[in-house]
Amino acid sequence: MTERRPRILVLGLGNDILGDDAVGLLAARRLRRLLPESVEVIEAGGAGLDLLDLLEGYDRALLLDSILTGKYPAGTVLEFTEADFKKDDASSPHYAGLPPVFPLASCLDIAFPSQIRIDAMEIENAYEVSEGLSLIVESNLPALIDRGRFHVLGWLSIEDRTGDKPA
């Protein structure tokens, strides 16, 4: 019997016509070329309850998104884990829907990733209609891609060394 290989998802969130809000989508597009085919890469504009369907059935998930906290300069790459999601103090059209999704998935007994990480980039405006990234976000996009790639390759490395999925 063949053992099922853990499923890893890279989920790029954003909106292509809202300027810097597209940074998660663009990072996912570029990561798709850098990661093994065993890693699924999906781009989505959904939030909130849409995330239940998108994350269901995966063992680990990396979400790439923009974030607007006003606490950091635009272009700063921030990392979040599930523990951070319990504190709903950041603003993103996508992140805002994630904290309540965890308890809901548990209540509904949905197969949800045991590890979820968000790599997000601070932006200045998530609501202005424009195509393309601002110069500062564009210049820091490689840092977001590198950070995401680091996390996914780390998960794959643990699998390769142990034959198991990490706890």
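**Close-up 1. The two faces of strand S1 (8-13; strands are DSSP E runs of at least two residues, helices H or I runs of at least four, both numbered from the N terminus).** Ile8, Val10 and Gly12 point one way, while Leu9, Leu11 and Leu13 point the other. Whichever way they point, these residues are buried (under 20% relative accessible area with a 1.4 Å probe, protein chains only). That makes six of six for S1. In a regular strand, side chains alternate between the two faces of the sheet.

This is a predicted model, with local features needing pLDDT of at least 70 and side-chain atom pairs pLDDT 80 or more, while totals for chains, interfaces and linings use all residues. Numbering runs from 1 along each chain as its sequence is written, and side-chain values use heavy atoms, with hydrogens and water left out.

**Close-up 2. S1 and its partners, S2 and S3.** S1 pairs with S2 in the parallel sense over six bridges (pairing takes at least two DSSP bridges), and Leu9 sits opposite Glu40 of S2. With S3, S1 is also parallel, over five bridges; here Leu11 faces Leu63.

**Close-up 3. The largest nonpolar core (buried Ala, Val, Leu, Ile, Met, Phe, Trp, Tyr and Cys joined through side-chain atoms within 4.5 Å).** It has 24 residues, and those touching the most other members include Val10, Val23 and Leu141. Helix H5 (135-162) chips in seven residues, the largest share.

**Close-up 4. Around Leu141.** Skipping neighbours within four places in sequence, Leu141 is in contact (heavy atoms within 4.5 Å) with Val23, Leu26, Ala27, Arg30, Met121 and Leu133.

Terms used
Buried means under 20% relative accessible area, exposed over 50%, partly exposed in between (1.4 Å probe, protein chains only).
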